[in-house]
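Here is a colleague's note to read beside the model, written as numbered points. Please keep the sequence and the structure open while going through them.

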Amino acid sequence: IFILIVLKKMNTASFTSSDPHSRPLFDFSNIKPATVNHLKRVYMALTACTAVATAAVVLSLLSPVTSGLVALAPFLGLGLLYLLKSSHVNSDVQSSTRWLYLLGFGATTGLGVAPLVSYVYGYIDPSLPLTAFLLSTAVFASFTMSALTAPNFKYLALRGVLASGLSGLFFVGLFNIFFGFPGLFSLLLWGGLILFSLFVLYDTQRIVAKHELGDQDFLSHAADLFVDFAAIFRRILIILAKNNETRSKERSKNKRR
């Protein structure tokens with residue numbers, strides 16, 4: 001919502017001053033008006049997808065009917081994402097079918113993260129899921145604004161770093177499955193959080209660059225950003241839960257003394 005408000009103001013703002021000290025905090029003069037309108041559609045679709053994912057999590061917590069879908073959620077989500085990407089439509093008007101692909105992907109992602117949310121909510125601290133969501137939103141918005149105000153698409157240079165980081169996390173995760181070192185799990189959490197935060201920078205500027213080259217598929221672009229947001233949320237929630245459990249164990253030890 002914050003990003004949408006800023007983008008709305010971008011239509012009426014004109015930043016023509018050459019004095020860097022007189023420029024506003026959020027200087028979007030490097031983004032074309034048509035791209036601003038495209039970004040509005042992207043973030044509106046992203047908001048809708050996130051809302052559906054949140055509803056799926058809540059429904060899963062309240063109703064046992066959805067429990068059977070949880071195991072299938074990752075596969076259904078990948079299938080819907082494939083259908084969305086493979087049915088690319090280069091237009092600012094998208095069909096209801098492609099909207100269903102995006103929203104279905106959001107719903108299956110919500111169902112996939114629901115067991116983690118349910119465990120944290122029921123056994124650790126019921127306030128942590130909301131806290132994680134707010135922190136994830138803050139991280140996502142901060143990196144988004146940084147990407148939109150940065151000149152010359154400089155974050156597109158992160159492509160190689162991000163690809164190497166994903167490969168590294170994959171092999172560390174594979175190694176951790178067989179050996180299970182606690183330090184490796186922490187590395188996966190924090191490394192993944194940093195990596196997907198950087199992906200927000202890269203994907204945001206890539207969306208702007210692709211639109212300026214003629215790509216108007218805002219639903220596909222929204223899906224890319226939703227993947228980043230969901231990955232950030234999952235890792236922040238686990239980090240908060242682990243920290244809470246650590247503090248609880250320390251309190252228990254102090255009481256026994």
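Which residues does Ser136 touch, not counting residues up to four places away in sequence? The first point takes this up, and the later points move on to the whole chain, the charged residues and the aromatic residues.

1. **Ser136 and its surroundings.** This is a predicted model, and in it Ser136 touches Phe229, Ile232, Phe233 and Ile236, leaving aside residues up to four places away in sequence. Ser136 has its place in helix 6, and it counts as buried because its relative accessible area is 0%, where buried means under 20%. A further link across the sequence is seen with Arg235, which is 99 residues from Ser136 along the chain, while the two C-alpha atoms are 9.2 Å apart in space.

2. **The chain as a whole.** The protein has nine helices and zero strands, so that reading along the sequence gives the pattern α-α-α-α-α-α-α-α-α. Of its 257 residues, 40% count as buried. If we take the contacts in the protein with a separation of 6 or more, 83% of them are between residues 24 or more positions apart. The exposed area of the protein is about 14200 Å², and carbon and sulfur atoms supply 67% of that area.

3. **A salt bridge between distant parts of the chain.** The count of salt bridges comes to five, and a useful one to begin with is that of Asp217 with Arg98, in which the closest N and O atoms are 2.8 Å apart. This pair links distant parts of the chain, since Asp217 lies in the loop between helix 8 (182-212) and helix 9, Arg98 lies in helix 5 (residues 96-124), and the two are 119 residues apart. Asp217 counts as buried because its relative accessibility is 1%, and Arg98 is buried too, with a relative accessible area of 2%. In general, side chains of opposite charge can pair when their charged atoms come close.

4. **Salt bridges around helix 8.** Arg206 forms a salt bridge with Asp203, with 3.5 Å between the closest N and O atoms. Because Arg206 and Asp203 are three residues apart in helix 8, they are separated by about one helical turn. Their exposure should be read separately: Arg206 counts as partly exposed at 22% relative accessibility, whereas Asp203 counts as buried at 6%. Lys210 forms a salt bridge with Asp215, the closest N and O atoms being 3.6 Å apart; here Lys210 is partly exposed at 28% relative accessibility, while Asp215 is buried, with a relative accessible area of 13%. Salt bridges that share partners also join Lys85, Asp203, Arg206 and Asp224 into one network.

5. **A buried acidic residue without a salt bridge.** Asp228, which lies in helix 9 (residues 218-256), deserves a separate look, for it is buried yet has no salt bridge. Which side chain of opposite charge is nearest to Asp228? The nearest is that of Arg206, 7.3 Å away, and a salt bridge would need the nitrogen within 4 Å of a carboxyl oxygen. Leaving aside residues up to four places away in sequence, Asp228 touches Phe196, Phe199, Val200 and Asp203. Asp203 is also the salt-bridge partner of Arg206 described in the previous point.

6. **Aromatic residues and a nonpolar patch.** The count of aromatic pairs comes to eight, and ring pairs link Phe133, Phe140 and Phe229 into a cluster; Phe229 is also one of the residues that Ser136 touches. On the surface, a nonpolar patch of about 930 Å² is made by Phe170, Phe171, Leu174, Phe175, Ile177, Phe178, Phe179 and Phe181. Phe171, one of these residues, is found in helix 7, and it is exposed because its relative accessible area is 55%, where exposed means over 50%.

7. **A backbone angle to check.** Most residues other than glycine have a negative phi. Phe153, however, has a positive phi of about 50° although it is not a glycine. This residue has its place in the loop between helix 6 (128-149) and helix 7 (159-179), and Phe153 counts as partly exposed at 32% relative accessibility.

Terms used
Residues are numbered from 1 along each chain as its sequence is written. This is a predicted model: local features need pLDDT of at least 70, side-chain atom pairs count only at pLDDT 80 or more; totals for chains, interfaces and linings use all residues. Side-chain values use heavy atoms; hydrogens and water are left out. Helices (H or I, at least four residues) and strands (E, at least two) are DSSP runs, numbered from the N terminus. Buried means under 20% relative accessible area, exposed over 50%, partly exposed in between (1.4 Å probe, protein chains only). Contact means heavy atoms within 4.5 Å. Accessible areas come from the Shrake-Rupley method with a 1.4 Å probe; for residues, only the protein chains shown count as cover. Patches are made of residues with over 30% relative accessible area and no salt bridge: like charges are joined within 9 Å, nonpolar side chains (Val, Leu, Ile, Met, Phe, Trp, Tyr) within 5 Å. Rings of Phe, Tyr and Trp (its six-membered ring) pair if their centres lie within 6.5 Å; planes under 30 degrees apart count as stacked, over 60 as edge-to-face and the rest as tilted. Lys and Arg count as positive and Asp and Glu as negative; His and the chain ends are not counted.
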